[in-house]
Amino acid sequence: AALATDSWRFLGVYLGGRIADDSDLLVLVRAMATALVAAVIGNLIAFPTGALASSSLALRAGAAALGFLAYFFLGKRILLGICVAEAVLIAGLALGG
């Protein structure tokens, strides 16, 4: 398994220094990575497992929305958006949501 994944990582490091930041290829790679992260988040909201399965859809969607709003309006800091979303989710679960 390490050989299958590490070879791509080494290739990425090798090619990464040779590709311009604004090249079409790198824009495509960024778009695909962002789409994959969005799909995982959407899957966690729509089809939760574990502790999230006991929460309501409104709480999960609300936490994601408030996290995004915090990210957008508080300086586009990813960590801050994540912390707000987690805080809303934890508070909602603690209140029985």
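How much space lies in the largest pocket? I looked this up at the outset and found about 580 Å³. I note here that the model is predicted.

**Entry 1: the pocket.** I next listed the lining of the largest pocket, which comes to 17 residues. Ile41, Ala64, Gly81, Ile82 and Ala85 are the ones that lie nearest the centre of the pocket. I then asked which helices supply the lining. Helix 2 (24–46), helix 3 and helix 4 (78–94) each give at least two residues to the lining of the largest pocket. Sorted by character, the lining holds 13 nonpolar residues, two polar and two charged.

**Entry 2: glycine 81.** I chose glycine 81 from the residues nearest the pocket centre and placed glycine 81 in helix 4. Is glycine 81 buried or exposed? Its relative accessibility is 7%, so glycine 81 counts as buried, the limit for that class being under 20%. With neighbours within four places in sequence set aside, I found glycine 81 in contact with Gly67, Ala70 and Tyr71. I also took the C-alpha to C-alpha distance from glycine 81 to alanine 63, and obtained 9.9 Å for a separation of 18 residues in sequence.

**Entry 3: the aromatic rings.** I searched for ring pairs, and the count came to three aromatic pairs. Why is the pair of phenylalanine 68 and phenylalanine 72 stacked? The ring centres of phenylalanine 68 and phenylalanine 72 are 6.0 Å apart and the planes stand at 20 degrees, so the pair is stacked; stacking requires planes under 30 degrees apart. Both phenylalanine 68 and phenylalanine 72 belong to helix 3 (residues 57–73), where they are four residues apart, about one turn of the helix. Phenylalanine 72 also pairs with phenylalanine 73, and I recorded this aromatic pair as edge-to-face, with 5.3 Å from centre to centre and 85 degrees between the planes. Taken together, ring pairs join Phe68, Tyr71, Phe72 and Phe73 into a cluster.

I then checked accessibility for two members of the cluster. Phenylalanine 72 has 42% relative accessibility and therefore counts as partly exposed. Phenylalanine 73 is exposed, because its relative accessible area is 61% and the class begins over 50%. Tyr71, a member of the cluster, had already appeared among the contacts of glycine 81.

**Entry 4: lysine 76.** I located lysine 76 in the loop between helix 3 and helix 4. Lysine 76 is not a glycine, yet I found a positive phi of about 50 degrees. I kept this entry because most residues other than glycine have a negative phi.

**Entry 5: the whole chain.** Finally I turned to the protein chain. I counted four helices and zero strands, and the pattern read along the sequence is α-α-α-α. What radius of gyration does the protein chain have? I found 18 Å, whereas a compact globule of 97 residues would have a value near 13 Å. The C-alpha trace spans about 50 × 35 × 15 Å along its principal axes. Of the 97 residues, 12% count as buried. For contacts between residues at least 6 apart in sequence, I noted that 36% join residues at least 24 apart.

Notes:
Residues numbered from 1 in each chain as written. Predicted model: local features only at pLDDT ≥ 70, side-chain atom pairs only at ≥ 80, totals over all residues. Heavy atoms only, no water. Phe/Tyr/Trp six-rings, centres within 6.5 Å; stacked < 30°, edge-to-face > 60°. Buried < 20%, exposed > 50% of the residue type's maximum accessible area, 1.4 Å probe, protein only. 1 Å grid on protein atoms, 1.4 Å probe; cavity = no way out; pocket = protein on both sides within 12 Å on 5 of 7 lines; lining within 4 Å. Points joined across faces, edges and corners; volume = space filled by probe spheres on them. Nonpolar A, V, L, I, M, F, W, Y, C, P; charged D, E, K, R; others polar. Contact = heavy atoms within 4.5 Å. Rg over C-alpha atoms; globule rule 2.2 N^0.38 Å.
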